[in-house]
Amino acid sequence: LSQTKPLASVLKDVCDAWSLPNAERYALQYADGRQTYITESNRRDIKNGSILRLTTSPDQEAEQLYIGIQSKNVDVKTDSLKKLASLSQDVTFAQEFISRNGLKQIYSIVEEGNDTGEMLAHTLKAFTELMEHDFVSWENLSTVFIKKIVSYVNMNAVDASIQQLSLSILENMVPTSRLLFEVVKKEVTLDRLLTHLQVTNAQLQLKAMALLIALLLSATDAERRDMMDYLREKNIRQFIHKNIIHSSEPLGDEMAHYLYVLQSVSLNLCDHRMKMSMDPYSQEQRDLLQSLRQTAFESESEAPAGTFSTERRRSLCAKEFRKLGFLNNSNPAEDLRRAPPGLLALDNMVYFSRNTPNAYSRFILENSSREDKHECPFARSSIQLTLILCEILHIGEPCSETAQAFYPMFFGQDHFFQELFCICIQLVNKTWKEMRATQEDFDKVMQVVREQITRTLSLKPTSLELFKTRVNALNYSEILKLRQTERLHQEETLAVPVLELREKLKPELLELIRQQRLLHLCEGTLFRKISSRRRQDKLWYCRLSPNHKVLHYGDVEEGVQSPPIESLTEKIPVADMKMLLVGKECPHTKEKSSGKQNKDVLELAFSIVHDVEEYCLNFVAPTRYEFCLWTDGLNVLLGKEMTSERTQTDLDVLLSMELKLRLLDLENISIPDNPPPIPKPPSNLNFCYDFSHAEQ
């Protein structure tokens, strides 16, 4: 294929060679993989070794299928719809078909509703693929069409594949406009979605969860709160905990992401209380504050009202608020003016005092009997702890587009945030005693508590009981041991000779890291495609050839772990690679509107610029670790320095190990900064035998 000739004349030559008339009715397409049509705009993407075949042109195919799907013959119509569903993935064909008003025919097939089963499934699949190209706005859909799609979701006697496609269409529809969101929310009840969630078909369950999440993310704060309250009433949490998290099937990436979003949306319901300062004039808030004092000191406050003067009562209240650990004991509301954590801290304290009154009274009374400087201030600790928990659980932050890090124990417990607080506030008191802390050590204690919580959460405990056991086992002395170990790992002997040895070892170890990066690229990685509209479930794989000369890549199905290099049809010769772009410089991060730009996608995005025309192959790494390995490996192929943070940590680990091995014999020997002076040669340094004398 000559790249300098126009495609029309290339096609004419091919048709002439095979004595085919009307060359304009033909087109070239890839013989393998996605079988995309070749056009003037994408012909530069053709790689050496790609096999192309002559086929009917997209406009002819579009014309034939446009007529075929209107056929009265059921077999012809079904075959046409099946072919349409497959060809609609191609952007050139989709453009031709839509320009013939083909979507109108698809609408009418659905709206008339005469077809069911296989034919309807092909129709909905074709519609989904055509809409994926963003040529037509979702807002153009008729009410009848939407109602029909909704009816497939709401009916029981419908094939599962049709319900999956219908749920997927509604999921795509919801984020595009407020009007469509309201239509879907009204027509597809939460009860219906919960019914779909309870089926055994994992794909149907996944699509139902996807629509539920799309509705939650598109709702206003008030609507979201109502929806979450309703889901709580219907025990969705218990169902997810039992049937999805602890099901016999392993949890897929997609479902893990939806559970993360559900957890995030649920925790963010605390956001408005977190950002609201206490209003000293609100009777309701003042009553909550007084209830804390009364629960702790009820026996002391039981004296009849007439016994004390107002002044005496006020000083008694101030004394009790000081025992509760408020800094401003005459006006405790002042302590709760800081937002965040705002009123959320007060809610947590009240929850603790009402739901675990014995633990609450023990905390207060135990600290009341300690010396003033050694008492652990309950209120001050609660306010700071609430803030720490909000930061650890990312309350008030928008959901990430790709994260999958949910806590299984979140779905195992009602009032998760408050229950977690109850465990952690008792942990504060325990750690305070272990550290023998005074008021000046408050920040240090809270720092240790933060570390205890984050270290325990990183172990992903499956229940709050398990979290409680583990966090209490991780006492202050354990934290000190862990810190000590980590410090020893980080610290290197800083003597000058050791630093010189370190520099000497660096090139050899950097070469080792380079080899490891290239080996990782040869093994390859599974990447996920992310579109601007929604999280995609399309996957592709990329790997480096064993001779480090060519990058092979291509689309793969879900569940394929390590496809053979021959099955990856696309390739880029390493010699054609021009440069590596990361983060904001990448074209696929610029395409997305800045308003929706997602920080985690930016952190994982990189692109390879290749060929004379400077085409880009765009990646979004599945994890930060993969991002570091791939960007390093590509930089090695380009003959540049490895720049990722992972290179530095790997180098530090290897240097640390190598140095320790080399310095084993010098244990407990102090290494001087300067080498010892070399003594002068002795006066009788005449060990050389003089052969000339012997001969005489």
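## Briefing: helix packing, buried residues and backbone outliers

Setting aside residues up to four places away in sequence, arginine 273 touches Leu288, Pro341, Gly342, Leu343, Leu344 and Asp347. The model discussed here is predicted. Arginine 273 itself lies in helix α15, which spans residues 271–274, and its side chain is joined to that of aspartate 347 by a polar contact of 2.8 Å. The points below begin with this residue and the helix pair that its contacts reach, and then turn to other helix pairs, buried positions and residues with positive phi.

**Arginine 273 and the α16/α18 pair**

- Among the residues touched by arginine 273 are Leu288, Leu343 and Asp347; helix α16 covers residues 283–296 and helix α18 covers residues 342–355.
- Leu288 and Leu343 also belong to the interface in which α16 and α18 meet.
- On the α16 side, that interface consists of Gln285, Leu288, Leu289, Ser291, Leu292 and Thr295.
- On the α18 side, the residues are Leu343, Leu346, Met349, Val350, Ser353 and Arg354.
- The axes of α16 and α18 come within 10 Å and cross at roughly 40 degrees. This angle makes α16 oblique to α18.
- The crossing in which α16 passes α18 is left-handed.

**Other helix pairs**

- Two packed helices are described by the angle between their axes and the distance between the axes.
- For helix α2 (residues 58–68) and α4, the axes come within 8 Å and cross at roughly 50 degrees, and the two helices are therefore oblique to each other.
- The crossing of α2 past α4 is right-handed. From α2, the contact is made by Pro58, Asp59, Glu61, Ala62, Leu65 and Tyr66, and from α4 by Thr92, Phe93, Glu96 and Phe97.
- Helix α22 (residues 442–457) packs with helix α23 (residues 464–473) at an angle of about 130 degrees, and their axes are 9 Å apart. The pair is therefore oblique.
- α22 passes α23 in a right-handed crossing.
- Gln452, Ile453, Thr456 and Leu457 form the α22 side of this contact, and they meet Phe467, Arg470 and Val471 of α23.

**The buried side of α1**

- Helix α1 runs over residues 7–17, and Leu7, Val10, Leu11 and Cys15 are buried within it. These four residues cover an arc of only 130 degrees around the axis, which puts them on the same side of α1.
- An α-helix has 3.6 residues a turn, so residues three or four places apart point the same way.
- The buried residues of α1 pack against two strands, β1 (26–30) and β2 (52–56).

**Buried polar residues within helices**

- Threonine 431 is located in helix α21, residues 416–434. With a relative accessible area of 0%, threonine 431 is buried.
- Beyond its neighbours up to four places away in sequence, threonine 431 touches Val445, Val448, Val449 and Gln452. Gln452 is also one of the α22 residues that meet α23.
- Glutamine 164 is placed in helix α8, residues 160–173. Its relative accessibility is 18%, so glutamine 164 counts as buried, the limit being under 20%.
- Excluding neighbours within four places in sequence, glutamine 164 is in contact with Asn201, Gln203, Leu204 and Lys207.
- The C-alpha atom of glutamine 164 is separated by 9.9 Å from that of leucine 124, and the two residues are 40 residues apart along the chain.

**Residues with positive phi**

- Most residues other than glycine have a negative phi.
- Serine 19, which follows α1, has a positive phi, near 55 degrees.
- Asparagine 101 is not a glycine, yet its phi is positive, at about 65 degrees. This asparagine 101 lies in the loop between α4 (91–99) and α5 (102–112), and it is partly exposed, with a relative accessible area of 42%.
- Aspartate 134, another residue other than glycine, has a positive phi near 60 degrees. Aspartate 134 belongs to the loop between α6 (117–132) and α7 (143–154), and its relative accessible area of 43% makes it partly exposed.

Definitions and conventions. Residues are numbered from 1 along each chain as its sequence is written. This is a predicted model: local features need pLDDT of at least 70, side-chain atom pairs count only at pLDDT 80 or more; totals for chains, interfaces and linings use all residues. Side-chain values use heavy atoms; hydrogens and water are left out. A polar contact is a pair of N or O atoms within 3.5 Å; within protein, one must be able to donate a hydrogen and the other to accept it, and residues adjacent in sequence count only if both atoms are side-chain atoms. Contact means heavy atoms within 4.5 Å. Buried means under 20% relative accessible area, exposed over 50%, partly exposed in between (1.4 Å probe, protein chains only). The arc is that of the directions from the helix axis to the C-beta atoms. Axes are lines fitted to C-alpha atoms, for helices over the stretch in contact, and angles run from 0 to 180 degrees between N-to-C directions. Angles under 35 degrees count as roughly parallel, over 145 as roughly antiparallel, 65 to 115 as roughly perpendicular and the rest as oblique. A crossing is left-handed if the near helix is turned anticlockwise from the far one by less than a right angle, and right-handed if clockwise.
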